[in-house]
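Subject: The model I promised

Hi,

Here is the structure we talked about, with my notes below it. Have a look at it first, then read on.

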Amino acid sequence: MPSEQSALPDFLYGTAWKEERTPALTELALRMGFRGIDTANQRRHYFEAGVGQGLAAAYRAGVVTRADLFLQTKFTYQPGQDHRLPYDPAARLSDQVAQSMASSLEHLGTDHVDSYVLHGPASGYGWTDADSEVWEAMRKERDAGRTRFLGVSNVSLRHLEQMAVAHPEGPTFVQNRCYARFGWDRDVRLFCRERKIVYQGFSLLTANLEVLRHPVVTGIATRANASPAQVVFSFAGAVGILPLTGTSNPEHMTQDLASVHLTLPPDAVNEIESLAG
Ligand SMILES: NC(=O)c1ccc[n+]([C@@H]2O[C@H](COP(=O)([O-])OP(=O)(O)OC[C@H]3O[C@@H](n4cnc5c(N)ncnc54)[C@H](OP(=O)(O)O)[C@@H]3O)[C@@H](O)[C@H]2O)c1
């Protein structure tokens, strides 16, 4: 990982599905101590301009400055969007990327983001020519200084392997839904570890409700004087997953951030890793 990335936070606050509460919750997350913000220029699930309003409120109040933050947003293909598009759908994909990025920077009130992520490949089956065009356009945005790093999301091992063949440069970040029943996305995590790609995991709680109730996890939580949710986030950190949370609850914000400082015994980490899958 590049040295200037030492400022990478150990937790990302996710802003999906918050609608009109987005500005207040973004500001609250910053006040509670989050320094990494994840959003997308996909109005269907995110209110990116609302994230920008929350950032502006936090700047005005002196809570943080732009330099304190890691801002991540995404380019989303038209099939993942509703009618509120951040680009001309008739434009070439490479132009859509440039238009979406310009719109994101305006929404977020900044001249650059820290990470720009392809929200998902065009096909679930493999890396396509469309993805290659988008990726090259994203690289141009990076070279022009509008993002520091690039990433891909919702990818399989197959996507990543095909992408590696098609492009000299791989992603700095992979962001995936992390299911315990698939070994916590074991194959993709291994690929990332071998290539020093930072793996970001979302839905760590919501995709793994059975884990939160599992006696192994509740037992570890009791012994650590922590909640099962904190154990899962702490486990994530221990195996190299950069976790996301989208909690709307200030107490959960505090608990989620505190989980970073919770150190689980190595045998507990191994037990959780092999719980399922
Ligand atoms: N790339 C993609 O396609 C993609 C897809 C989905 C999500 N994401 C990103 O990931 C972020 C997180 O999404 P997510 O799917 O992980 O789900 P989420 O929206 O963060 O939901 C987390 C759930 O866990 C609960 N929770 C959080 N901390 C807790 C705690 N300490 N104790 C008990 N419950 C707790 C929350 O409830 P409370 O609100 O009551 O705390 C909420 O119901 C999103 O906002 C988005 O930025 C990306």
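T15 is in the loop that runs between β1 and α1. Is it buried or exposed? With a relative accessible area of 0%, T15 is buried, as the cut-off for that is under 20%. Its side chain has two partners that I'd look at. A polar atom of the T15 side chain lies 2.7 Å from the backbone oxygen of D38. The side chains of T15 and T39 are also joined, by a polar contact of 3.3 Å. Before you go further, keep in mind that this is a predicted model.

That same loop between β1 (12–14) and α1 (22–32) also holds E19. What is odd about the backbone there? E19 has a positive phi, about 45°, and it is not a glycine. Most residues other than glycine have a negative phi, so I'd check that spot by eye. In terms of accessibility, E19 counts as partly exposed because its relative value is 29%.

There is another residue of this kind, D185. Its phi is positive too, at about 60°, and again it is not a glycine. D185 is placed in the loop between β6 and α6 (186–194). Here the side is the buried one: the relative accessible area of D185 is 15%, so it falls under the 20% cut-off.

Now for the ligand.

Where does it sit? The ligand is in the largest pocket. Which elements give two or more residues to the shell around it? They are β6 (173–177), β8 (241–245) and α10 (250–258). Of these, α10 gives the largest share, three residues.

In total, 26 residues surround the ligand, and the closest are D38, S203, G246, T247 and H252. D38 is worth a second look, since you've met it already: its backbone oxygen is the one that lies 2.7 Å from a polar side-chain atom of T15. Sorted by class, the shell has 15 polar residues, seven nonpolar ones and four charged ones.

The polar pairs with the ligand that I noted are these:

- G14: a backbone N or O atom lies 3.4 Å from an oxygen atom of the ligand.
- A16: a backbone N or O atom lies 3.0 Å from an oxygen atom of the ligand.
- D256: an N or O atom of the side chain is 2.7 Å from a nitrogen atom of the ligand.

How much of the ligand does the protein cover? On its own the ligand has 900 Å² of accessible area, and the protein covers 80% of that.

The rest is a handful of residues that I went through one by one, each with a C-alpha distance to another position.

F70 belongs to strand β3 (residues 70–75). F70 counts as buried because its relative accessible area is 3%. Its C-alpha is 7.7 Å from that of S115, although the two are 45 residues apart in sequence.

R213 is in helix α7 (residues 209–213). At 64% relative accessibility, over the 50% cut-off, R213 counts as exposed. R213 and S203 are ten residues apart along the chain, with 16 Å between their C-alpha atoms. S203 is one of the residues closest to the ligand, in case you want to use it as a landmark.

R146 lies in the loop between α4 (129–143) and β5 (147–153). Its relative accessibility is 32%, so R146 counts as partly exposed. From R146 to W17 the C-alpha distance is 26 Å, and the pair is 129 residues apart in sequence.

L28 is found in helix α1. L28 also counts as partly exposed, at 25% relative accessibility. Its C-alpha and that of G120 are 29 Å apart in space, with the two residues 92 apart in sequence.

If you open the file with only a few minutes to spare, I'd go to these places: the T15 side chain with D38 and T39, the positive phi values at E19 and D185, and the D256 side chain beside the ligand nitrogen at 2.7 Å.

Cheers

Key
Residues are numbered from 1 along each chain as its sequence is written. This is a predicted model: local features need pLDDT of at least 70, side-chain atom pairs count only at pLDDT 80 or more; totals for chains, interfaces and linings use all residues. Side-chain values use heavy atoms; hydrogens and water are left out. A residue is near a molecule or strand if one of its heavy atoms lies within 4 Å of it. A polar contact is a pair of N or O atoms within 3.5 Å; within protein, one must be able to donate a hydrogen and the other to accept it, and residues adjacent in sequence count only if both atoms are side-chain atoms. Accessible areas come from the Shrake-Rupley method with a 1.4 Å probe; for residues, only the protein chains shown count as cover. On a 1 Å grid over the protein atoms alone, a cavity is a set of points where a 1.4 Å probe fits but cannot get out, and a pocket is an open set with protein on both sides within 12 Å along at least five of seven lines; lining residues have an atom within 4 Å of a point. A molecule sits in a cavity or pocket if more than half of its atoms lie within 2 Å of its grid points. Helices (H or I, at least four residues) and strands (E, at least two) are DSSP runs, numbered from the N terminus. Ala, Val, Leu, Ile, Met, Phe, Trp, Tyr, Cys and Pro count as nonpolar, Asp, Glu, Lys and Arg as charged, and the others, Gly among them, as polar. Buried means under 20% relative accessible area, exposed over 50%, partly exposed in between (1.4 Å probe, protein chains only).
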